[in-house]
There are 2 protein chains.
Amino acid sequence: MVGSVMAADLLGSRGWSVTVADASREALDRCLERCRRAGGGGKARLPKTVLADLSQAVEVTALAAKHDVVLGALSSHLAFNALRAVIEASKPYADIAFMAEDPTELSALAKRRGVTAIVDCGVAPGMSNLLAGAAARMLTPCNRIDIMVGGLPLERRAPFQYKAGFSPADVIEEYTRPARLVEHGRIVVKEALSEAELVDLPGVGTVEAFNTDGLRSLATTLKVPHMRERTLRWPGHIELMKAFRAAGCFQKEPIDVRGADGGMVRVSPLAVTSKLLFPLWMYDEDEPDLTVMRVIGEGRMAKASHGIRKGQPVRIIWDLLDVRDPQTGFTSMSRTTAFPCTITARLLASGGLRRPGVLPPELLAGERGYLEAMFGEHARRGVEYTSRIELL
Amino acid sequence: MVGSVMAADLLGSRGWSVTVADASREALDRCLERCRRAGGGGKARLPKTVLADLSQAVEVTALAAKHDVVLGALSSHLAFNALRAVIEASKPYADIAFMAEDPTELSALAKRRGVTAIVDCGVAPGMSNLLAGAAARMLTPCNRIDIMVGGLPLERRAPFQYKAGFSPADVIEEYTRPARLVEHGRIVVKEALSEAELVDLPGVGTVEAFNTDGLRSLATTLKVPHMRERTLRWPGHIELMKAFRAAGCFQKEPIDVRGADGGMVRVSPLAVTSKLLFPLWMYDEDEPDLTVMRVIGEGRMAKASHGIRKGQPVRIIWDLLDVRDPQTGFTSMSRTTAFPCTITARLLASGGLRRPGVLPPELLAGERGYLEAMFGEHARRGVEYTSRIELL
């Protein structure tokens, strides 16, 4: 879903030759089909495709060795080993995987190899990290960072008012995994789906924000006393998901029930619920999705800027509102996730980002021209980040 | 649940000896325990108990033959055969089972045996039928009969705001089985959970009424052009149940999912949902339940009465609001269901009801003194039916 957008985007640059690797011929063909459509049909430039088992480090290293820069869009459970394999090949890397492991454990290895690997380099995590990092630099002190982000269907349909822009299993995981937030400088854990609150966003209307476990590296890289990430849904969805959770439908622990064949079977209620919900949560072909993100930083201006004096208490607000691109057919979620990675990969390839290590994007907020390149290159692709500063 | 109340109620009459039969020793012991508590502990009169397989007609007939009157409170799938077996024993019968079969098919047999068998003789079906029958007699023409009934927990707790006073499987069946209504003299079928509407009831507050398949015999016995039965829930419950239905959670048709042991298993989503919901929907010990019923008849007064002239368009409204009895411990649902049956059984035993056949209660609305006996005997037990007439 995201890899196709990456390939199509990179092929848009003169002089780039692009290889897409996957374990499934079907997935590769789907990628070619998407690149063909996005590129305008018959005249479209297409990537080279390679059938490869990317769960095997040796295959990843061999492929990486043949290329100048590598982009990662793998399943989260393959991502950590793939990251190590790319570093072993001494190639720069930009990756969007939401891996469970701590990728910075490989930072020392990356430094030894002289490799720059940017991880969590999508929209959220990704642009959210970069903007949080920017807020932390622009404000002294920065007291608060508040991230709200959601992928939503443009058309709201009862009862769920939701479609899943990525794996629905990961969506339900968001509804059950306790959320880590930072309050008063300490990491606190809150229940999934907790503190749901209505929020008005311009161009969107009223949405509902609830705590999710999305801070990831920010919880430790930034010294900001209050930080949270919340996910956005159309109002009503969270209440419904709480009822499904209360009913036990999201329970992983198996129960014994009478099977269709008469005998007792052990089955996880979550497996049944997932099987039932996934087709209902799939986007229809060409159904428009929205990506909505707001990142807020609060604190005092670190230096005079934008006509505001140093030390002035302010709130910096970045907003993203993007809709599916009818021309390329790419969903908004796949575009907004792919572009931070392709833009970063271009910079890595051109030598515009050289700091060795495994780095989440907030650590690049101080790299000269990076934030500006991100905004400008996104805008060129029709994805508009806006910002404003409110005096407090 | 209901049989215990029947036994305790009958034991309250001097001169009655009561036998309770069940296939389960545990159920019989539970019945004894409940009768003991209801009767005030050590001094309580107790029923005789008989372990018997009531799915066997010969056992039912043999037991019925030894008694003067029989009350039925069996599972719906046993009820039709038990009805026949009681008729074969030539004993009067009052039954509350919600059987799928048409019990009046046995009416000819009952007439040959000189037996009076009153079926659907609980609260709804039961008192609702009797009141509908009374409305049809009091009004000429009777244009509309509207029945609303529900068993509700007194305390509303999120997210379900519901507990099941009887088998939760039957509750979900109510949420999925299409509802038969009568409109313009024709039987029409509407989707389960359809036409949900908020209704204010005195002493209760706002509840939500939705179409259920509860007319049963009324759809054919009464010639009233508009009739419907609706079930009552606290507002919000229906919307939630619609979402569960939309998710597929109430689907009987099995699906293939990965079982806890790794292999694929075939399981009905309804079986999983039932298993999950049933413990959540069980009343806590001594948790108070409400029974709420309203029966409305609309039409013109058949004769001058209550100071209203013949031919006056009126609305007759009967209301029931009952709460769990803390003294006996019996739930409201079990009391309001058992009492119509025990009151009727007393009349059958005393010769106060003699019409042979298998009869739903609406056909007894013209029996001299029956309706008055029902109201008076309910009131003696603390269950108050109120009525009023509005001029239209």
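# Exercises on a predicted two-chain model

With a relative accessibility of 61%, B:H306 is classed as exposed (buried is under 20% relative accessible area, exposed over 50%, partly exposed in between; 1.4 Å probe, protein chains only). The model is predicted, so local features need pLDDT of at least 70 and side-chain atom pairs pLDDT 80 or more, while totals for chains, interfaces and linings use all residues. Residues are numbered from 1 along each chain as its sequence is written, chains are lettered from A and ligands numbered from 1 in the order in which they are written, and side-chain values use heavy atoms, without hydrogens and water.

## Exercise 1: a backbone angle

Task: Describe the phi angle and the place of H306 in chain B and in chain A.

Step 1. Start with chain B. Phi of B:H306 is positive, near 50 degrees, and the residue is not a glycine.

Step 2. Find its place. B:H306 belongs to the loop that links β14 (289–301) with β15 (313–323) in chain B. Strands (E, at least two residues) and helices (H or I, at least four) are DSSP runs numbered from the N terminus.

Step 3. Turn to chain A. A:H306, also no glycine, has a positive phi of about 55 degrees. The loop between β14 (289–301) and β15 (313–323) of chain A holds A:H306.

Step 4. Add the accessibility. A:H306 is exposed, because its relative accessibility is 62%.

## Exercise 2: a cis peptide bond

Task: Find the partner of A:P159 in a cis peptide bond and place A:P159 in its chain.

Step 1. The partner is A:A158, and omega of the cis bond is about -5 degrees.

Step 2. A:P159 sits in the loop that runs between β6 (139–153) and α7 of chain A.

Step 3. Check chain B. B:A158 and B:P159 are joined by a cis peptide bond with omega near -5 degrees. B:P159 is part of the loop between β6 (139–153) and α7 of chain B.

## Exercise 3: two helices that cross

Task: Describe how α7 and α10 of chain A cross and what their contact is made of.

Step 1. Two packed helices are described by the distance between their axes and by the angle between the axes. Axes are lines fitted to C-alpha atoms, for helices over the stretch in contact, and angles between N-to-C directions run from 0 to 180 degrees.

Step 2. In chain A, the axes of α7 (residues 168–176) and α10 (residues 269–280) come within 10 Å and cross at roughly 125 degrees.

Step 3. α7(A) and α10(A) are therefore oblique to each other (under 35 degrees is roughly parallel, over 145 roughly antiparallel, 65 to 115 roughly perpendicular, the rest oblique).

Step 4. List the residues. On the α7(A) side are A:P168, A:A169 and A:I172, and they meet A:L270, A:S274, A:L277 and A:F278 of α10(A). Contact means heavy atoms within 4.5 Å.

Step 5. Sort the residues of this contact between α7(A) and α10(A): 6 are nonpolar, 1 is polar and none is charged.

Step 6. Look at chain B. There the axes of α7 (residues 168–176) and α10 (residues 269–280) come within 10 Å and cross at roughly 125 degrees. This makes α7(B) oblique to α10(B). The contact is made by B:P168, B:A169 and B:I172 from α7(B) with B:L270, B:S274, B:L277 and B:F278 from α10(B).

## Exercise 4: cysteines

Task: How many disulfides are there over all chains?

Step 1. Apply the rule: a disulfide is a pair of cysteine sulfur atoms within 2.5 Å. The count over all chains is 0.

Step 2. Take A:C341 as an example. A:C341 is in no disulfide, and the nearest cysteine sulfur, that of A:C121, is 5.0 Å away.

Step 3. Add the accessibility. A:C341 is buried, because its relative accessible area is 0%. B:C142, with 6%, is buried too.

## Exercise 5: far in sequence

Task: Compare the surroundings of A:L54 and A:E197.

Step 1. A:L54 lies in the loop between β2 (48–51) and α3 (57–65) of chain A. Its relative accessible area is 14%, so A:L54 is buried.

Step 2. A:D22 is 32 residues from A:L54 along the chain, and their C-alpha atoms are 6.9 Å apart. Apart from neighbours within four places in sequence, A:L54 contacts A:A21, A:D22, A:V60, A:L63 and A:L74.

Step 3. A:E197 is in strand β9 (residues 197–201) of chain A. With a relative accessible area of 37%, A:E197 is partly exposed.

Step 4. From A:E197 to A:R230 there are 33 residues in sequence and 9.8 Å in space, C-alpha to C-alpha. Outside four places in sequence, A:E197 contacts A:V207, A:E208, A:A209, A:R228 and A:R230.

Notes: Ala, Val, Leu, Ile, Met, Phe, Trp, Tyr, Cys and Pro count as nonpolar, Asp, Glu, Lys and Arg as charged, and the others, Gly among them, as polar.
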